[in-house]
Number of protein chains: 2
Amino acid sequence: MLNNSHYIDKLRSSGLRPTKQRIKICEILFNTEKTFHFTINDLVKKISKATNDKISLATVYNTVHAFKKKGYLKEIPINSDQSYFDTNTSHHHHFYDENQKDLIDIDDSDVEPVKINTRIPGKKIKSVEVLVKVEDINS
Amino acid sequence: MLNNSHYIDKLRSSGLRPTKQRIKICEILFNTEKTFHFTINDLVKKISKATNDKISLATVYNTVHAFKKKGYLKEIPINSDQSYFDTNTSHHHHFYDENQKDLIDIDDSDVEPVKINTRIPGKKIKSVEVLVKVEDINS
DNA sequence: TCAATAGTTTAGAACTATTATAATGTAGAA
DNA sequence: TTCTACATTATAATAGTTCTAAACTATTGA
């Protein structure tokens with residue numbers, strides 16, 4: 001809202017035109033102290049709370065994908081009917097609470113480096129992601 | 001095909017009626033030396049190859065979910081447009097080849113035990129799954 | 001053995017997340 | 001300012017999955 005020049009620069013420097021929709025989405029995703037997880041549906045709700053100018057669903061999808069491609073967002077692999085995204089793009093892992101259907105970050109420093117003692121010929125490792133599924137103690 | 005009594009017992013003992021559809025799906029999923037990964041679509045194709053009596057799509061979904069619930073199948077967390085299942089229900093991990101969209105088992109013995117040095121109060125760990133995304137070396 | 005019943009299968013409709021389309025709008029360059 | 005390539009939009013299309021409700025069948029117990 002206030003200081004958008006940062007986002008404008010960020011967008012422009014990665015070859016994305018700083019349109020008002022993209023800037024608004026930047027504000028919603030990156031103007032927070034803490035990183036967070038969201039689905040497209042979550043983001044649409046946040047947008048409609050934050051502004052009166054609605055952004056079309058297609059643009060939300062386009063923007064999220066563009067941001068993911070540029071490395072501003074990560075997609076988190078969970079079996080789910082919808083995709084989860086993370087504004088925390090640093091290397092880290094996740095708890096997935098199967099009762100609350102809630103994702104919780106695990107700091108990289110809280111996971112001992114994962115050693116994989118096998119390789120696939122002709123392939124290089126792109127990422128190593130740990131998903132810790134948890135549930136209520138009494139279940 | 002031949003010795004179905006094993007599957008009949010297995011189904012019955014877990015409270016699932018041994019219908020011919022379920023027995024057929026058991027044969028396809030569990031009559032193999034090696035475990036494998038599949039999508040619902042893969043399974044439907046295997047069924048239509050294996051038999052002339054077609055099994056309706058709804059039944060395939062129902063059966064896979066029932067088998068998953070009983071622990072005969074695992075669902076593998078990958079971001080994908082469709083769900084992947086695994087007939088290997090032992091503890092192990094996966095490579096996901098992003099170019100070929102192919103899943104490859106990583107033996108549990110090929111991954112050093114993953115130590116998580118943090119916990120969520122009131123929650124217990126249900127599983128720890130490692131997904132190693134790989135891609136072609138020249139990409 | 002046979003009817004009752006509770007669980008199962010089925011085709012097809014419905015639903016939901018996501019992607020494609022193609023017309024309109026707009027940022028940035030000339 | 002004008003042009004053009006890129007963006008946005010509403011809407012249609014697609015694809016995986018779930019729902020529905022009627023028909024079917026394995027099991028129970030009389």
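## Strand C and its contacts

A polar backbone atom of Ser56(B) sits 3.0 Å from a phosphate oxygen of DNA strand C, a polar contact (a pair of N or O atoms within 3.5 Å). This is a predicted model, in which local features need pLDDT of at least 70, side-chain atom pairs count only at pLDDT 80 or more, and totals for chains, interfaces and linings use all residues. Residues are numbered from 1 along each chain as its sequence is written, chains are lettered from A in the order in which they are written, and side-chain values use heavy atoms, with hydrogens and water left out.

Chain B adds two side chains here: an N or O atom of Thr59(B) is 2.8 Å from a phosphate oxygen of DNA strand C, while one of Gln21(B) is 2.7 Å from a sugar or linking oxygen of that strand.

## The surface around strand C

In total, 22 residues surround DNA strand C, each with a heavy atom within 4 Å of the strand. Sugar and phosphate make up 76% of the atoms of DNA strand C that come within 4 Å of the protein. H4(A) gives the largest share of this surface, 4 residues.

## Over to strand D

Around DNA strand D there are 23 residues, and those that come nearest are Thr19(A), Gln21(A), Thr59(A), Tyr61(B) and His65(B). Two of these reach phosphate oxygens of DNA strand D with a polar side-chain atom: Thr59(A) at 2.8 Å and Tyr61(B) at 2.7 Å. The side chain of Arg12(B) also places an N or O atom 3.0 Å from a phosphate oxygen of DNA strand D.

Methods: A polar contact is a pair of N or O atoms within 3.5 Å; within protein, one must be able to donate a hydrogen and the other to accept it, and residues adjacent in sequence count only if both atoms are side-chain atoms. Helices (H or I, at least four residues) and strands (E, at least two) are DSSP runs, numbered from the N terminus.
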